[in-house]
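The exercises in this set ask for a careful reading of a molecular structure, and each is followed by a solution worked out step by step. Please look at the sequence and the structure before turning to the tasks.

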Amino acid sequence: MTAGAAQQHRANGSLRHLLTLEGLPRSDIERLLERAQGFVRALGTKPPISSALEGVTVANLFTEPSTRTRVSFELAAKRLGADVVNLEVQLSSRVKGESMLDTVFTLQSLHVDVMVIRDPEAGVPELVAANVAPHVSVLSAGEAHVSHPTQGLLDALTVRQQKKQFDRLSIAIVGDIRHSRVARSAFHVFRTLGVQDLRIVAPEPLMPGAGEFAGCSRHKTLESGVEGVDVVMMLRIQKERMGQVDLPDADRYFAMYGLTPERLKLARPDAIVMHPQPMNRGIEIASDVADGKQSVIRDQVRNGVAVRMAVLADVVGSRG
Amino acid sequence: MTAGAAQQHRANGSLRHLLTLEGLPRSDIERLLERAQGFVRALGTKPPISSALEGVTVANLFTEPSTRTRVSFELAAKRLGADVVNLEVQLSSRVKGESMLDTVFTLQSLHVDVMVIRDPEAGVPELVAANVAPHVSVLSAGEAHVSHPTQGLLDALTVRQQKKQFDRLSIAIVGDIRHSRVARSAFHVFRTLGVQDLRIVAPEPLMPGAGEFAGCSRHKTLESGVEGVDVVMMLRIQKERMGQVDLPDADRYFAMYGLTPERLKLARPDAIVMHPQPMNRGIEIASDVADGKQSVIRDQVRNGVAVRMAVLADVVGSRG
Amino acid sequence: MTAGAAQQHRANGSLRHLLTLEGLPRSDIERLLERAQGFVRALGTKPPISSALEGVTVANLFTEPSTRTRVSFELAAKRLGADVVNLEVQLSSRVKGESMLDTVFTLQSLHVDVMVIRDPEAGVPELVAANVAPHVSVLSAGEAHVSHPTQGLLDALTVRQQKKQFDRLSIAIVGDIRHSRVARSAFHVFRTLGVQDLRIVAPEPLMPGAGEFAGCSRHKTLESGVEGVDVVMMLRIQKERMGQVDLPDADRYFAMYGLTPERLKLARPDAIVMHPQPMNRGIEIASDVADGKQSVIRDQVRNGVAVRMAVLADVVGSRG
């Protein structure tokens with residue numbers, strides 16, 4: 001278990017921080033998914049409104065830009081009645097840890113109760129969680145290539161809505177596994193929920209090291225990777241990597257690893273297609289697939305705000 | 001009628017989107033002005049507060065910066081009780097339409113009910129309106145050189161407050177007509193409201209093409225343009241254009257087209273002076289005029305938030 | 001008395017603006033500290049919530065970035081029930097005063113009641129205060145090197161919590177006095193509250209001109225400056241200045257003027273250490289001191305939001 005996992009709970013066993021899904025007990029995950037499902041509403045109906053976080057202050061502290069994820073956390077907090085402040089800060093790298101902690105102590109002294117932190121370097125959410133006062137909760141909104149726990153939960157919730165149970169599923173995660181926090185959080189949550197056939201699909205330079213993704217089968221071709229699966233989970237590829245370090249350029253990447261309607265036919269007929277967004281249409285995924293009947297990509301977004309409401313309500317509600 | 005105009009109404013005739021004033025029926029315009037007038041308060045008194053938009057989420061999605069317009073929409077939505085989120089996004093140009101739609105679908109899945117969109121390229125608000133779910137409304141907050149409908153409405157409201165009726169008015173629009181969405185929306189709203197004597201005043205390079213501004217008289221000199229008018233509507237000139245493409249530099253522009261107290265005397269004694277802001281004082285308008293007794297520029301700002309409240313309440317309230 | 005001080009009160013004597021602590025009567029300061037103390041809560045308990053500013057709109061208009069101060073004002077206003085909008089504007093320098101006033105008039109016309117202004121040039125808050133409508137209040141959130149009144153009040157509140165009375169205290173302000181608005185506001189508030197032994201400590205190039213800080217003793221060495229004092233108030237040093245204009249580099253600065261545990265021993269055993277943040281640890285202050293038992297730096301932050309709530313409630317509540 002990582003340092004992050006070890007420090008997520010209070011002494012009484014309740015969830016205090018959400019930093020990683022690695023090592024998070026199945027009971028926690030299932031409770032959060034259940035609570036999140038209770039916050040899901042059909043498109044076009046009113047979102048759930050609650051006063052569970054009235055008098056609570058949530059700060060979104062982002063050191064890398066991510067409008068979508070910030071807005072999702074912001075709306076989740078507002079719909080629970082919290083006060084929300086957004087901070088986009090640039091920290092000089094030389095004194096980054098110190099500056100981050102001083103910023104965090106400032107927020108804490110301003111009576112911020114929950115800090116939602118997104119940072120491109122590994123270890124920052126854990127560092128913050130290890131230093132804040134006992135009543136403060138830290139939620140990771142994306143940590144380097146390491147962890148994106150609310151994304152993992154929303155992915156699990158999306159699968160659960162479509163497939164009911166996990167253990168007999170086949171799930172393929174496709175793309176830049178090596179650099180992906182989305183892939184790692186998906187791996188952890190699906191493993192804990194009992195998925196047996198979990199596959200990672202990538203060209204060699206984007207495969208993770210041998211010590212990671214234990215128990216996953218590894219596929220160099222998309223065709224073998226998606227054959228017969230229930231879920232195809234596409235990842236965003238950084239266009240900057242295309243054509244570099246032994247990688248094909250964008251056109252050749254699409255020719256080899258792009259999810260097209262033809263390739264999707266290799267999966268089960270009722271397979272669902274997921275993507276964390278933003279998408280590079282025509283590079284990792286064809287528009288016909290992204291917008292097609294098997295796509296649940298917009299459900300993922302809707303589930304994201306529900307999951308964030310559930311996590312916020314859970315960590316605040318259980319602090320006693 | 002443009003594509004934008006055709007798609008603004010629901011099947012039952014109620015207003016769903018506000019993308020352009022071109023082709024918007026006079027009955028809609030008059031209803032919106034009437035509702036807006038109900039939200040106008042004197043300076044120094046409390047703004048109107050309503051719970052008409054409680055449980056409704058409004059997103060300001062701006063791809064070009066405009067602090068004033070964003071704040072005006074933000075306050076309008078908040079004073080109606082809505083939750084508001086602000087997004088300033090940069091979209092890479094190659095895949096702009098796609099990226100915009102994916103962002104919009106994300107917002108829609110986050111239960112955003114109204115999207116306020118400002119974009120420097122023509123066609124984006126229409127594109128979004130054509131693609132969102134039936135319960136979502138799209139309001140243009142400025143589209144390229146094409147349209148700025150809430151500005152047009154606040155201009156009309158300002159004139160109405162001062163002049164009561166429209167058909168016997170003479171109105172001069174002065175400045176960079178060619179590149180101005182403000183001028184185009186003013187043209188449409190004043191035409192629909194029955195203004196007979198509508199004039200555009202500009203140096204040749206800033207005149208619009210012959211097919212536009214049908215029925216307006218065209219004036220190359222400010223003197224002939226403002227003679228005897230009831231309303232002088234100044235436009236902001238982009239300083240970057242000064243001295244280029246056959247245009248005089250800033251000093252010469254002011255000498256030729258700047259609205260000075262002397263030139264204003266050519267208009268009717270009770271003529272009013274308008275400007276959409278921000279002003280280039282000393283270039284298109286003299287400070288004495290901008291701050292003078294005939295100026296209603298601050299009324300325009302106050303009316304802007306009232307108009308935006310009216311439009312928000314109208315499109316949300318009529319969705320059934 | 002400065003122009004700023006002369007214009008801070010209404011005709012009936014109530015406080016309308018807060019631009020500077022220079023010349024602010026002791027009765028005002030003590031009332032604000034008393035009100036602020038009423039808004040102070042222990043860390044980990046809920047912040048005070050009030051509806052004193054319901055229907056009131058507060059705008060944070062910052063032309064230089066300051067996330068901390070903006071968030072402190074934002075939370076203060078929200079916890080009083082106000083609507084808050086944030087504007088970070090860049091104004092072109094050539095027409096800065098004009099642009100600022102046009103922006104301010106826009107906000108005023110949008111029914112903004114309180115403008116919180118931060119600007120790197122001297123005179124801007126006064127300029128704004130001199131031009132807004134009678135019902136509008138202006139609060140300085142930092143003006144050039146001149147004034148930072150809410151910082152001065154929170155510093156005074158922090159000292160008051162620890163030391164009860166002011167007149168027999170010895171207080172040392174250490175660092176870049178010359179360029180510091182924090183030092184100037186501290187000087188004014190401590191003088192008015194009756195502090196007799198007020199010292200400024202700096203290398204020669206960072207000492208203020210002879211006409212300023214009247215009555216303060218001047219110390220070139222940290223050792224003599226902090227000897228026997230009750231309060232050590234450290235200032236942030238701009239790293240850009242290090243090694244320039246006869247200043248030592250960062251390492252030598254720390255060797256000469258850094259507050260270390262050893263040097264702190266020269267002060268009274270119950271001396272407190274303050275810093276306005278953000279800190280340059282290892283340059284003006286050792287981490288052991290910043291995080292040590294005598295540090296009240298986090299109290300300052302907590303007191304900051306209480307002071308801002310007090311000031312907001314005071315200027316709005318007394319406008320009749």
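The exercises below deal with a predicted model, and they move from confidence and symmetry to a sheet, a helix pair, backbone details and a contact between chains.

**Exercise 1. Confidence**

State the mean pLDDT of chain A and the ipTM and pTM of the complex.

Solution. Begin with the single chain: the mean pLDDT of chain A is 93, and 96% of its residues reach 70 or more. Then turn to the complex, for which the predictor gives an ipTM of 0.92 together with a pTM of 0.94.

**Exercise 2. Symmetry**

Determine by which turn and which shift chain A can be laid on chain B, and name the axis that this relation implies.

Solution. As a starting point, two copies of a chain are related by a rotation about an axis and a shift along it. Here a turn of 120° with a shift of 0.0 Å along the axis lays chain A on chain B, and the RMSD is 0.0 Å. This is the relation of a three-fold axis. Within chain A, the C-alpha nearest the axis belongs to Asn86(A), at 6.2 Å from it. The next step is to take chain C, which is superposed on chain A by a rotation of 120° with 0.1 Å of shift along its axis, at an RMSD of 0.0 Å. In chain C, the C-alpha nearest the axis is that of Asn86(C), 6.2 Å from it.

**Exercise 3. A sheet in chain C**

Give the strand order of the open sheet of 5 strands in chain C, and work out which strands stand at its edges.

Solution. The order in chain C is β7-β6-β5-β8-β9, and the pairing is parallel. Reading from the ends, β7 (217-219) and β9 (272-274) of chain C each have a single partner strand, so one side of each is left without a neighbour in the sheet. On average, neighbouring strands of this sheet are turned by 20° against each other, direction ignored. For a closer view of one pair, take β5 (residues 170-174) and β6 (residues 197-201) of chain C, which pair in the parallel sense over 5 bridges. Ile171(C) stands opposite Leu198(C), a residue of β6(C).

**Exercise 4. Two packed helices in chain B**

Classify the packing of α6(B) and α7(B) by its angle and its handedness.

Solution. Helix α6 (residues 149-163) and helix α7 (residues 181-192) of chain B pack at an angle of about 55°, and their axes are 8 Å apart. Angles that are neither under 35 degrees, nor over 145, nor from 65 to 115 count as oblique, and α6(B) and α7(B) are therefore oblique to each other. Their crossing is right-handed. Among the residues that make the contact are Pro149(B), Leu153(B) and Ala156(B) of α6(B), and Val182(B), Ala186(B) and Phe190(B) of α7(B).

**Exercise 5. Backbone details**

Locate the cis peptide bond that involves Pro278(A), and find where Phe213(A), with its positive phi, is placed.

Solution. The cis bond joins Gln277(A) and Pro278(A), with omega at about -5°, and Pro278(A) lies in the loop between β9 (272-274) and α11 (287-290) of chain A. Phe213(A) has a positive phi of about 55° although it is not a glycine, and its place is the loop between β6 (197-201) and β7 (217-219) of chain A.

**Exercise 6. Contact between chains A and B**

Identify which element of chain A gives the most to the side that touches chain B.

Solution. First take the totals: 21 residues of chain A are in contact with 16 residues of chain B. Next, α3 (67-79) and α12 (297-317) of chain A each supply at least two residues of the side of chain A that touches chain B. The element that gives the most to this side is α3(A), with 7 residues.

Methods:
Residues are numbered from 1 along each chain as its sequence is written. Chains are lettered from A and ligands numbered from 1 in the order in which they are written. This is a predicted model: local features need pLDDT of at least 70, side-chain atom pairs count only at pLDDT 80 or more; totals for chains, interfaces and linings use all residues. pLDDT is the predictor's confidence in each residue, from 0 to 100. Copies are superposed by least squares on the C-alpha atoms of residues with pLDDT of at least 70 in both. Two strands pair if DSSP finds at least two bridges between them. Helices (H or I, at least four residues) and strands (E, at least two) are DSSP runs, numbered from the N terminus. Axes are lines fitted to C-alpha atoms, for helices over the stretch in contact, and angles run from 0 to 180 degrees between N-to-C directions. A crossing is left-handed if the near helix is turned anticlockwise from the far one by less than a right angle, and right-handed if clockwise. Two residues are in contact if their C-beta atoms, placed from the backbone, lie within 7 Å.
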